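User: Could you walk me through how some labels for this model are justified? I would like to see the reasoning behind each one.
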Protein chains: 2
Amino acid sequence: MATELEAQGADVKGGNTSVEFDEVNMARSGDGQRFDVVVVGAGLSGLAAAGRLVERRAATVVLEARERVGGRTLTKDIAGHAVDLGGQFLGPGQDRVRDLARELGVPTARVHCTGRKVLWLGGRRSEYCGRTPKVGLLALLELAWTIRRFDRLAALVPTDRPWDAPNAAEWDGVSLERWLDKQLWTRRAKAVFQIAAQAMYAAEARELSFLYFLFSLRAGAGFERNAGIEGGAQQEFLVGGAQQLSVGLARRLPGVVRLGEPVEAIEQTEDEVVVHSHAHTYRAGRAIIGLAPGLCERIRFTPELTPARRQLQRRMFTGSVVKCIVAYKTPFWRDDGYSGEAVADDGLVRIVFDDCTGDGDKAALLAFIPGDAARKASCLTPEARRQAIIDDLVRLFGERAARPSDYVEYDWIRDPWSVGCYVGLHPPGVLSTVGTALRAPCGRVHFAGSETATRWPGFMDGALESGERAAAEVLEAMRS
Amino acid sequence: MATELEAQGADVKGGNTSVEFDEVNMARSGDGQRFDVVVVGAGLSGLAAAGRLVERRAATVVLEARERVGGRTLTKDIAGHAVDLGGQFLGPGQDRVRDLARELGVPTARVHCTGRKVLWLGGRRSEYCGRTPKVGLLALLELAWTIRRFDRLAALVPTDRPWDAPNAAEWDGVSLERWLDKQLWTRRAKAVFQIAAQAMYAAEARELSFLYFLFSLRAGAGFERNAGIEGGAQQEFLVGGAQQLSVGLARRLPGVVRLGEPVEAIEQTEDEVVVHSHAHTYRAGRAIIGLAPGLCERIRFTPELTPARRQLQRRMFTGSVVKCIVAYKTPFWRDDGYSGEAVADDGLVRIVFDDCTGDGDKAALLAFIPGDAARKASCLTPEARRQAIIDDLVRLFGERAARPSDYVEYDWIRDPWSVGCYVGLHPPGVLSTVGTALRAPCGRVHFAGSETATRWPGFMDGALESGERAAAEVLEAMRS
């Protein structure tokens, strides 16, 4: 009991936020003032929406619960090395996030992925080069065949209305794991896809609707590119940290973003919305909610949102992840011929990436603890968790992993404002039942958030798309 | 938009609550006073827990958000006829609820079920006698065979830990609908089970985990008795209304139950819990939460509940139901040789029961609008909804159903404190992932609620069991 409570009290450790946005002109004169639009949430989707609205001269205010912008992106300083404890990667086809980085002068760099990779499967360690893990010929054939099959099925899912896919009811009636159980012959191919689900969604394959899985592949770039580094969605990172994007967007909006203002209630009438934060009241023509659907449940709406929307909010769930950056004096794994990539089917650490700075000056490994492992890790004491994570790295990369020079972790399960990461996910039976409520406005309330994107949902790119789309909806409504 | 907002503003219509509990000795002296136990929620589970605690001389307070006791039981008066807008029925094997009714002097009566029954399937109306609907020989054989198979599989599910069933992962990876799709040959047998799921859970078969479905059969009395009237869980009702049970329990606890006190936050330390309602603070040794798991998400816990518990709360969902009582001058259907029972696979009204008083003096039909139909009905204007429901009754029972003498409905989807009915349900992938958190105390916080019962979960009987079990846990902890 004592240990559990102590563990629960554990919080993020490590350096300070390395990129900051300070409010300017924050007269907090909200009460009484009337806006065109109130945006809830200063993550990428809310800030992208606000940017579009302000460009079109709409009087806009962004209310953010946290004392920082960036939502599920969070950059910290660890001994002069900016590391991302939240969203981090981008890849080919993600033009929105790439364009924004270019505009803001944030350089990108390639994730290091040359060298041997480590696979821990069924209690045995092996190494491999290229894309194909050492799982035996049958499993390899099955992996290749299944990946082609995923992409062929995903091609049938319309990205703007996955519930209209030809087999939507069938695919939404089964979890990804159950589908794998029925379709796959080899234990090892199944294990690889289960780790892939953990890496891609921070959830177990048994938690995910197969229809949602196909939708996310279709709305991204297919299985291999969604899951991969080289040529895939994890190909690059933002030098200096992904939170810079939100900070850059917010700096373009002087006086617009108000931090430390969690929205508690939204009333709407025929003519306006009235948004109540802890301390202030904001009146506006429309509202845009830039939150994961599940988080909208915290806001008291009057009149209530539609039953379908409420149920969507209550049934989507957010992934579970603890993200750790373990710094070393040198990138010893590179010296040993490893890329720094590893996957494991047991222990806490399931996925490892190289997380050195672009020039390799600062050395670190990035360890993901997803799904069941995250729920378990979250209940350990900070000391026990750290030790278990470092032990896992040792079994993957050898004894030199035992002596990190620094360690920083973030438990997104316990983050009070995200309550999970990476994104809101669909269990079976939700997308085909109340999925139509995902993007549908409820009166004067519009919905952004990466979960609502039709291209790269669940990625930073999707967050930007969703904000732009919500802003366009509102601008269109204001015209009519 | 205007119509939608008006519809959203719709509220319960009909008479006043016919059974009432008034607070006595409500000095509201909570601040500072220390209790042994704070119970959250004055539904059957919370009141049953409080009853046990007070018997054992534990200083107990029950905090209830509503201005009434009874939770998901709600009895209203419609022209001198007490009708249940919430939980209503009991049957053989439900000894706890039967004993309580006897103790409180609340008589039970049989639900009328003699006469022809009406089936609306695939756009065609038919009538049948006995238990077997007219669905053709093949479908009948398949119905009988599948019911036996359900019960055989359910027998493998341990009621206190369904996640340990031999095929738990497989069964939890698939929805009930998907299982039916794969296993059944006849369209009509499948349709019958889909209506059964709507009737039994107020949800669609595609929303439910097959493992949860089997668990609920096992923890009840098997498919036919869980779903049935005669010999089943809908065999009897409480004359004068089910809310009388809660009112009776509350009257035994003078000064203990405090209405209009929604609990907003619970802090716990090594030594105590501090429970904050809107206006007051209560200190106690332990807390018992007598709410559906999903509703616990509204309470801010410090330190937070375990990750598994949080995720369970966020992923279980509550059924969707609008319950209507349509009163007539005479029970015309009985005169026409009908029992009053009907099932339909389209329209709003999916299940109809006779709802006359025991002596047939007051005549009424009870219409359930579950699942998708409830979500649809909830968005109609009150006038349009009433008309659609009466039209459905006309197509089932003829023109005489067109002229009710009274009409009362309750939309549980929009109930602010239950946000759905009958109970919290499991989508695929939850019970096998975080199910162990269902009943596990988090420090000094214990969980009651019908969802946590091992016998008759989802029924009033299960609510009583859960309250008694939680009280026993707390009494045991207080001793040690």
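User: What is the bridge partner of B:A109 in β9(B)?

Analyst: Happy to start there. In this predicted model, B:A109 has B:F237 as its bridge partner in β9(B).

User: What makes β6(B) and β9 of chain B a pair of strands?

Analyst: Pairing asks for at least two bridges. Three bridges join β6(B) to β9 (residues 236-238) of chain B, so the two strands pair. They run antiparallel.

User: Why do β5 and β6 of chain B count as edge strands?

Analyst: The open sheet has three strands in the order β5-β9-β6 (chain B), with antiparallel pairing. Because β5 (89-90) and β6 (108-110) of chain B each have a single partner strand, one side of each is left without a neighbour in the sheet.

User: How do you know how chain A and chain B are related?

Analyst: A turn of 180° with a shift of 0.0 Å along the axis lays chain A on chain B, with an RMSD of 0.0 Å. The two copies are thus related as by a two-fold rotation axis. The same surface serves both copies, as 100% of the contact residues of chain A recur in chain B.

User: Which residue of chain A comes closest to the rotation axis?

Analyst: That is A:V174, with its C-alpha at 2.2 Å.

User: What makes up the side of chain A that touches chain B?

Analyst: Counting C-beta atoms within 7 Å as contact, 42 residues of chain A are in contact with 42 residues of chain B. Elements giving two or more residues to this side of chain A include α1 (2-9), α6 (176-183) and α11 (307-315). By class, this side has 14 nonpolar, 13 polar and 15 charged residues.

Definitions and conventions: Residues numbered from 1 in each chain as written. Chains lettered and ligands numbered in written order. Predicted model: local features only at pLDDT ≥ 70, side-chain atom pairs only at ≥ 80, totals over all residues. Least-squares fit on C-alpha atoms with pLDDT ≥ 70 in both. Contact = placed C-beta atoms within 7 Å. Helix = DSSP H or I, 4+ residues; strand = E, 2+ residues; numbered from the N terminus. Nonpolar A, V, L, I, M, F, W, Y, C, P; charged D, E, K, R; others polar.
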